[in-house]
Amino acid sequence: MKKLIGLTAMLAIISCNQQTDKRPNVVLILTDDQGYGDFSMNGNPRVETPVIDQLAGESVLFNNFFVSPVCAPTRASLLTGRYYLRTGVTGVTRGRENMSLEEQTMADIFSENGYATGTFGKWHNGAHYPYHPNGRGFDEFYGFCSGHWTSYFNTELERNGETVRSSGYIVDDITDKALAFMKKNKKAQQPFLCYLSINTPHTPLQVPDKYFDKYKEMGLDDFNAAIYGMCDNIDYNVGRVLDKLHDMGIRDNTIVMYLSDNGPVNDRYNAGLKGLKATTDEGGVKTPFIINWPGELDSTT
């Protein structure tokens with residue numbers, strides 16, 4: 001197995017070297033095609049992301065954090081702590097998104113050290129076992145393995161290899177499953193790694209009406225009203241995660257991280273950065289990266 005480096009190694013060392021009864025939980029939230037400018041904290045005058053803004057203000061916030069121009073390479077690097085080319089991931093289709101079986105993932109490390117591991121949402125690093133999440137160290141998987149999904153409401157998803165019917169809006173639904181996973185392991189007194197891989201604001205442009213209508217009333221076109229509506233919904237679900245951790249009494253013993261996999265797909269507000277998704281300009285690869293651990297990490301930028 002290759003050695004983990006970077007962020008992944010840091011998480012594994014911090015978490016697994018703690019005393020057994022004090023090992024922190026880890027919640028990793030990754031969004032899809034959410035640009036650097038898709039947050040009110042970065043000067044966007046339209047979108048509203050108060051929960052994420054507040055989290056950033058209470059956290060270590062990396063102002064110059066860069067990912068890959070497209071999603072599967074970013075995900076492979078995040079899971080392994082290695083440059084994506086070393087993982088065998090070179091693209092997003094035709095098997096180029098499959099992560100080499102020689103790679104060791106953060107889920108492998110956490111699982112070996114007594115953590116429950118679950119991932120919820122988009123995977124995009126191999127659809128079939130052993131490339132499947134259940135073959136890469138995750139005990140629980142709920143979501144889809146491909147690079148995108150065509151229906152965001154009451155759709156067919158996968159749970160540990162079995163096809164299931166989702167309920168309601170897909171981001172709300174995968175967050176429901178992540179919350180249930182955290183609750184189950186809190187009850188069992190087992191530390192957990194929860195990888196919540198939100199598949200928005202990636203197209204298709206599907207979002208509950210209350211979010212879409214809010215931004216249409218601001219005068220935005222249909223495309224951007226849907227995009228910002230999806231960002232608003234992400235913010236709502238991040239709030240649900242934080243509230244659940246607080247309600248369970250484990251907020252102070254949980255590391256929470258937030259980032260996106262690449263830049264925006266269309267030409268919208270991006271804090272003055274040049275470039276979009278699939279480009280190597282800053283606008284295609286720069287994302288906020290938030291890491292929060294109350295009482296352990298100072299709120300700095």
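## A central strand and its partners

In this predicted model, Phe120 has Tyr142 of strand β4 as its bridge partner. The pairing belongs to a longer contact, in which strand β3 and strand β4 (residues 140-144) run in the parallel sense and are joined by five bridges. Strand β3 also pairs with strand β7 (residues 192-197), again in parallel, and here six bridges connect the two strands. Within that second pairing, Gly121 is the residue that stands opposite Ser197 of β7.

Is strand β3 enclosed by the rest of the structure or open to the outside? Seven of the seven residues of β3 (residues 116-122) are buried, so the strand is largely enclosed by the rest of the structure.

## Salt bridges across the chain

Side chains of opposite charge can pair when their charged atoms come close. The structure contains 13 salt bridges, and a few of them are described here. Asp33 and Lys277 form one of these bridges through their side chains, with a distance of 3.1 Å from N to O. This pair ties together distant parts of the chain, since Asp33 sits in the loop between β1 (25-31) and α2 (50-57), while Lys277 sits in the loop between β8 (254-260) and α8 (282-285), 244 residues apart. Asp33 has a relative accessible area of 2%, which is under the 20% cut-off, and Asp33 is therefore counted as buried.

Another bridge joins the side chains of Lys214 and Asp232, where the distance from N to O is 2.7 Å. Here the link runs between two helices, with Lys214 in α6 (residues 209-216) and Asp232 in α7 (residues 222-247), and the two residues are 18 residues apart. The two partners fall into separate classes of accessibility: Lys214 is partly exposed, at 26% relative accessibility, whereas Asp232 is buried, at 10%. A further salt bridge brings together the side chains of Glu156 and Arg165, at 3.9 Å from N to O. In this pair Glu156 is partly exposed, with a relative accessibility of 43%, and Arg165 is exposed, with a value of 56%. Salt bridges can also be connected to one another, and Asp32, Arg75, Lys122 and Asp261 are linked in such a network.

## Two helices in contact

How do helices α2 and α7 lie against each other, and what is the angle between them? Their axes are 7 Å apart, and the helices pack at an angle of about 55 degrees. An angle of this kind lies between the limit of 35 degrees for roughly parallel and the range from 65 degrees for roughly perpendicular, and α2 and α7 are therefore described as oblique to each other. From α2, the contact is made by Pro50, Val51, Ile52 and Leu55, and from α7 by Ile234, Asp235, Val238, Gly239 and Leu242. Sorted by chemical character, the residues of this contact comprise seven nonpolar, one polar and one charged.

## A buried threonine in a loop

Thr200 lies in the loop between β7 and α6. Although a loop may sound like an outer part of a protein, Thr200 has 0% relative accessibility and so counts as buried. When its neighbours within four places in sequence are left aside, Thr200 is in contact with Thr31, Asp32, Tyr152, Tyr169, Val171, Met230 and Ile234. Two of the residues in that list appear elsewhere in this report: Asp32 takes part in the network of salt bridges, and Ile234 belongs to the contact of α2 with α7.

## Backbone details in the loops

The loop between β7 and α6 also holds Pro204, and the peptide bond leading from Thr203 to Pro204 is cis, with omega near 10 degrees. A cis peptide bond is likewise found from Tyr129 to Pro130, where omega is near 10 degrees, and Pro130 is located in the loop between β3 and β4.

Which residues have a positive phi without being glycine? Asn160 is one of them, with a phi of about 50 degrees, and Asn160 lies in the loop between β5 (156-159) and β6 (162-165). Ala271 is another, with phi near 55 degrees, and its place is in the loop between β8 and α8. Asn160 is partly exposed, at 31% relative accessibility, and Ala271 is partly exposed as well, at 31%.

How values were computed. Residues are numbered from 1 along each chain as its sequence is written. This is a predicted model: local features need pLDDT of at least 70, side-chain atom pairs count only at pLDDT 80 or more; totals for chains, interfaces and linings use all residues. Side-chain values use heavy atoms; hydrogens and water are left out. A salt bridge is a side-chain nitrogen of Lys or Arg within 4 Å of a carboxyl oxygen of Asp or Glu. Helices (H or I, at least four residues) and strands (E, at least two) are DSSP runs, numbered from the N terminus. Buried means under 20% relative accessible area, exposed over 50%, partly exposed in between (1.4 Å probe, protein chains only). Two strands pair if DSSP finds at least two bridges between them. Axes are lines fitted to C-alpha atoms, for helices over the stretch in contact, and angles run from 0 to 180 degrees between N-to-C directions. Angles under 35 degrees count as roughly parallel, over 145 as roughly antiparallel, 65 to 115 as roughly perpendicular and the rest as oblique. Contact means heavy atoms within 4.5 Å. Ala, Val, Leu, Ile, Met, Phe, Trp, Tyr, Cys and Pro count as nonpolar, Asp, Glu, Lys and Arg as charged, and the others, Gly among them, as polar.
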